[in-house]
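User: I'm new to this one and would like to get my bearings. Could you take me through it step by step?

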Amino acid sequence: MGKIEDWQDIHIAYVLAKKGTLTAAAHALSIHHSTVLRRINQLESQLNTRLFHRHARGYQVTEAGQQLLQAGTAIEDTLGQLHHKIVAADTTLSGRLFLTTVSGIVEMLSPACLEFQKQHPKVQLEIILEQRRLRLDHGQAHIAIRAGDKPSDPDYIVQHLCSTTAGLYASDNYIKRMGIPQTKAELSQHHFVSGVAGFNAMVPYFDWVDKQIDAAQICIRVSETAEAARAIYSGLGIGGLQHNIAKQSHRIQPILEKELTWPLDFWLVTHVSVHRTAKVQALCRVFKDYFKSS
């Protein structure tokens, strides 16, 4: 028998055993039915045993599944004793709240974070800066701010936060040294800042540089957009920046602003299991109000 890698799978199997169908279990768990099926298949593979008989009317537990149902009942009784404490924590606007995003957009989020701090001073907002996408369903963070295409995980609640645009910029020092390109053809005479492999697809201007600019012209590659901005400010090369962030600096100038621009969408992402908790709702409300009015 293999090792259970995620105890949430036990809970999902327990609910399926009680409800009898994927649809009913998915409704009870507030997740997509395909997620239920995937997690059951995963659990049976890990345990190397069949927990359910599949038939036209739904799912019926095997002998092993019956043992799981009995164990699940005992676990549910134990967890029920903790219910009031958990509810109290979820409805209290205090304690820690984890937000994950990438370093390049912290500057954009800072005013909204300040407003949240003013409204809810007892909540300790902790921002986890990761280019890799943390798993909200594993509790690695409560809320995520994602950039790019709309996240499609069926168990995530995704709300559009804001839209912005980005373009190419160069520092005054770089322009003094290398000049400023007046046409796309003149870009072949310049140095560029881009991202490391595997990161560029998430950042449209990095992706453009990799596809349109000779690799020999890319003088530096970074794994974070914030470090790319520092490289641009330092004069290492031409690179992409959000227009609203670039305008806050007087040491850089836009490059071919009318010809080269990229739209960027930002998404507020939560998992169904924590979406309605007080702290998550409070932050979502503050962020949406701020970006709606800005």
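User: Let's start small: in which strand is Gln242 found?

Analyst: Before we dive in, keep in mind that this is a predicted model. Looking along the chain, residues 239-242 make up a strand, and Gln242 is found there. That strand is E9.

User: Is Gln242 buried or exposed?

Analyst: Buried means under 20% relative accessible area. Gln242 touches Gly104, Ile105, Met108, Thr164, Thr165, Ala166, Leu264 and Phe266, leaving aside residues up to four places away in sequence. Its relative accessibility is 6%, so Gln242 counts as buried.

User: How many of the residues of strand E11 are buried?

Analyst: Strand E11 covers residues 261-271, which makes 11 residues. It is largely enclosed by the rest of the structure, because the buried ones number 8 of the 11.

User: Which residue in E11 stands opposite Arg146?

Analyst: Strand E5 (residues 143-147) runs antiparallel to E11, and 5 bridges join them. E11 also pairs with strand E6 (residues 156-171), again in the antiparallel sense, over 11 bridges; there, Ser163 has Asp265 as its bridge partner. As for Arg146, the residue opposite is Trp267.

User: Which helix gives the most to the largest nonpolar core?

Analyst: In soluble globular proteins, nonpolar side chains tend to be buried together. Here the largest nonpolar core has 54 residues, and Leu109, Ile145 and Phe287 have the most contacts inside it. With 7 residues, the helix that gives the most to this core is H11 (residues 278-293).

User: How many residues are in the other core that lies apart from it?

Analyst: Ala13, Leu16, Ala17 and Ile40 are among the members of that other core. Its count is 22 residues.

User: Where do the buried residues of H3 sit around the axis?

Analyst: In H3, Thr35, Val36, Arg39, Ile40, Leu43, Glu44, Gln46 and Leu47 are buried. They cover an arc of only 160° around the axis, so they lie on the same side of H3.

User: How far apart are the end C-alpha atoms of helix H3?

Analyst: H3 has 15 residues, 33-47, and at 1.5 Å a residue it should span 21 Å. The model agrees with that, since the end C-alpha atoms are apart by 21 Å.

User: Does Cys219 count as buried, partly exposed or exposed?

Analyst: A search of the whole structure finds 0 disulfides. Cys284 has 3% relative accessibility, so it counts as buried. Cys219 is at 41%, so it counts as partly exposed.

Methods: Residues are numbered from 1 along each chain as its sequence is written. This is a predicted model: local features need pLDDT of at least 70, side-chain atom pairs count only at pLDDT 80 or more; totals for chains, interfaces and linings use all residues. Side-chain values use heavy atoms; hydrogens and water are left out. A nonpolar core is a set of buried Ala, Val, Leu, Ile, Met, Phe, Trp, Tyr and Cys residues joined through side-chain atoms within 4.5 Å. Buried means under 20% relative accessible area, exposed over 50%, partly exposed in between (1.4 Å probe, protein chains only). Helices (H or I, at least four residues) and strands (E, at least two) are DSSP runs, numbered from the N terminus. A disulfide is a pair of cysteine sulfur atoms within 2.5 Å. The expected span of a helix is 1.5 Å times one less than its number of residues. The arc is that of the directions from the helix axis to the C-beta atoms. Contact means heavy atoms within 4.5 Å. Two strands pair if DSSP finds at least two bridges between them.
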